[in-house]
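These are my notebook entries from a session with a new model. Pull up a chair and have the viewer open alongside.

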Amino acid sequence: MLTITDLHASAGGKEILKGISLTINAGEVHAIMGPNGSGKSTLAQVIAGHPGYEVTGGSIAYEGQDLLDLEAEERAQAGVFLAFQYPVEIPGVTNAYFLRAAYNELRKARGEDEVDPIEFLDVMEEKLKVVEMDASFMQRSVNAGFSGGEKKRNEILQMAVLDPKLAVLDETDSGLDIDALRIVAEGVNKLKKPTNATIVVTHYQRLLNYIVPDFVHVLAGGRIVRSGGKELALELEAKGYDWLLEPAGV
Amino acid sequence: MSSSIESLVNKEYAYGFVTDIESDTIPAGLSEETIRLISAKKEEPAWLLEWRLKAYRRWLTMTEPHWPNVTYAPIDYQAQTYYSAPKSVKPLQSLDEVDPELLRTYEKLGISLTEQKRLSGVAVDAIFDSVSVGTTMKEELKKAGVIFCSFGEAVREHPELVQRYLGSVVPYSDNFFAALNSAVFSDGSFVYVPKGVKCPLELSTYFRINAADTGQFERTLIVADEGASVSYLEGCTAPKRATNQLHAAVVEIVALDDATVKYSTVQNWYAGDKDGVGGIYNFVTKRGKALTRAKISWTQVETGSAITWKYPSVILQGDDAVGEFYSVAVVNNRQQADTGTKMIHIGRNTKSTIISKGISAGQGQNSYRGQVKVLPKAEGARNYTQCDSMLIGNKCGAHTFPYIEVANNSATLEHEASTSKIGEDQIFYCKARGLNAEHAISLIVAGFCKEVFKELPMEFALEAQQLLGISLEGSVG
């Protein structure tokens, strides 16, 4: 589904990703771990098409397309979803309106008819259950005045509605208490299908108790310094990152 | 701010065409002779000519105000033309007599004057250059006892009402542009809603400047008698021209005891090109007087004009009177706006609300200027002011000038202000959900303006939202 080859990216002239290669197949969950400043979030943003990063080398192939050729909105329309580490507030725009606008853009891109607000209510009813939220949530402005936990649940709600092929969760566990973490993680698990794939970017192992990865990659200094199965995450939890950094020359 | 919010492309102004129609235009220049000529052309009574001349003489003693936060080249008042009318317009018996070319003009603007195709539930008075070319739905209004006609017709048919209320809220001596308007105004709309009557239709005036180098000086007078209520909307467009044109209008509203007047404006005069050449100077005086338990509500969506200079205000004269001001002002490219309101609390327990949303893009400069004044007898007066600015890009400006004068200790005033910037972050967030940049901007801006849009009559809320989208189209690359 996704093949990243020798990806280099920089921001403000400073190189952050220094040659990342990664292959992700449908049905898989990959965890990207690493210390602060290792480039985890940059990788997530580059996949989603953030304009603040310049890709200086390498390629990303997604479903047979050159992902780097697509605008951010085209990537979203093609089924790429980024759950933001810091979800953005849009005052005055209701969640319902925003979600329907996004939902319809994706439908249009697939050549399907747009849904009206009434039809959309039906779509939402089921999706709200995924993140244990009631309908009043839909009438609040997008992320405005939301608690940290509500913002993250809102990201997973959007993911549920937009039904991506490739979901990238950027530090979705940061700032969550244990209950919110459980709700968010269970939401992600409910959305898992053999036809989609998930990249979980996280600093800590605890999210991976809930979302069990098939592969774990350790990012440090802009490179993947170690890949392994889910047991690698536990090893990191016990030993920290340092033992991987020095041998890798970071 | 990264480069993607920098690139500005000017969206073509859709209403910039010129109608080719034979006009009766008087020579440029302003003197007592000009005023006598205008008055004679309109076959006005002597008292009105006298009033105009008094206004003119007062105007001669006044100087153009320069306190607004705008800059422009000096205006040569002798180079302006003060009267231009489509030749074919005479007092009409019915709309069938309107020049088809004029009807086509309004069709092009999306305003249908023909009764069959009229907007349902809306009566329209169309003002072309200086004169009214037709008012729709007259019969239906007449049944309710509502008078809705051109100002000229009101002077002929209802002189007692005009004489009683003209200048009662905005005296000719009020300010430089109000004095100029009083001297040379050529037409406008007149509304009278009798006691206890709720006007059955939305009333709407559509202003169109067509002739070159011609100022438009219309006057609107709305009187809601005791317990009456009316909702009124004005729309404005003008052709694209390389010279600046002056629009100095006066709107007066009288809301007698227990009356309600809602006045909405969607102003889309030609704004000039992206380098600031041409465009309308929109120097307008709008004020209402609310008596006991009366309510006056101003809602404005200002997207056009090279320069906007207007402060729709309410004099809260009677006890328990209510004044409201909801405003969205957008400047893009080189536009400048200095707009806001005045709420003058005179009566006891008077209440006012001010919600102002300023949006600046390109090199536009947007100023909010608002005065809240509580006089000594206004026991228990309340005001709530919220003033928000949004910046798109980093070459524009937002400025806030609040003036608060309180002479009664029991008054409660609240003022909130904020400035935000549409950031790459917000746009990227929307893009990451499949929305393109323009959709993202229009969504973010619509959200920002929501509190004002919900005050607009339904039919126009949508129009305003679309207009906003057009004004800002291309402001993000």
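What percentage of the 477 residues in chain B is buried? I found 62%, with buried meaning under 20% relative accessible area, exposed over 50% and partly exposed in between (1.4 Å probe, protein chains only).

**Ground rules.** I am working with a predicted model, in which local features need pLDDT of at least 70 and side-chain atom pairs count only at pLDDT 80 or more, while totals for chains, interfaces and linings use all residues. Residues are numbered from 1 along each chain as its sequence is written, chains are lettered from A and ligands numbered from 1 in the order in which they are written, and side-chain values use heavy atoms, with hydrogens and water left out.

**Chain B overall.** I looked up the secondary structure of chain B and got ten helices and 23 strands; these are DSSP runs, helices being H or I with at least four residues and strands E with at least two, numbered from the N terminus. Among the contacts in chain B with a separation of 6 or more, 84% are between residues 24 or more positions apart (contact: heavy atoms within 4.5 Å).

**Helix α7 of chain B.** I checked residues 176-184 and found nine of the nine buried. At the N-terminal end, B:N175 acts as the cap, with a side-chain oxygen 2.9 Å from the backbone nitrogen of B:F177.

**Salt bridges inside chain B.** My rule here is a side-chain nitrogen of Lys or Arg within 4 Å of a carboxyl oxygen of Asp or Glu. B:D174 pairs with B:R287 at 2.8 Å between the closest N and O atoms. I place B:D174 in the loop between α6 and α7 and B:R287 in strand β13, 113 residues apart. B:D174 is partly exposed at 30% relative accessible area, whereas B:R287 is buried at 11%.

I then looked at B:R219 and B:E252, whose closest N and O atoms are 3.0 Å apart. B:R219 sits in strand β8 and B:E252 in strand β11, so this salt bridge ties together parts 33 residues apart in sequence. Both are buried: B:R219 has a relative accessible area of 1%, and B:E252 has 0%.

**B:K310.** This lysine is in strand β15 (residues 307-310) of chain B and counts as buried because its relative accessibility is 1%. Its side chain makes a polar contact with that of B:E302 at 2.5 Å. I take a polar contact as a pair of N or O atoms within 3.5 Å; within protein, one must be able to donate a hydrogen and the other to accept it, and residues adjacent in sequence count only if both atoms are side-chain atoms.

**The A/B interface.** How many residues does each chain bring to the contact? I get 34 from chain A and 19 from chain B. The buried area is about 2000 Å², with 66% from carbon and sulfur atoms; buried area is the accessible area (1.4 Å probe) that two parts lose on being put together, summed over both.

Three salt bridges cross this interface. One of them joins B:R433 to A:E155 at 2.7 Å, N to O. B:K431 also forms a salt bridge with A:E73, at 3.5 Å between the closest N and O atoms. B:K431 lies in helix α8 of chain B and A:E73 in helix α2 of chain A, so the pair joins two chains. I noted that both residues are buried.
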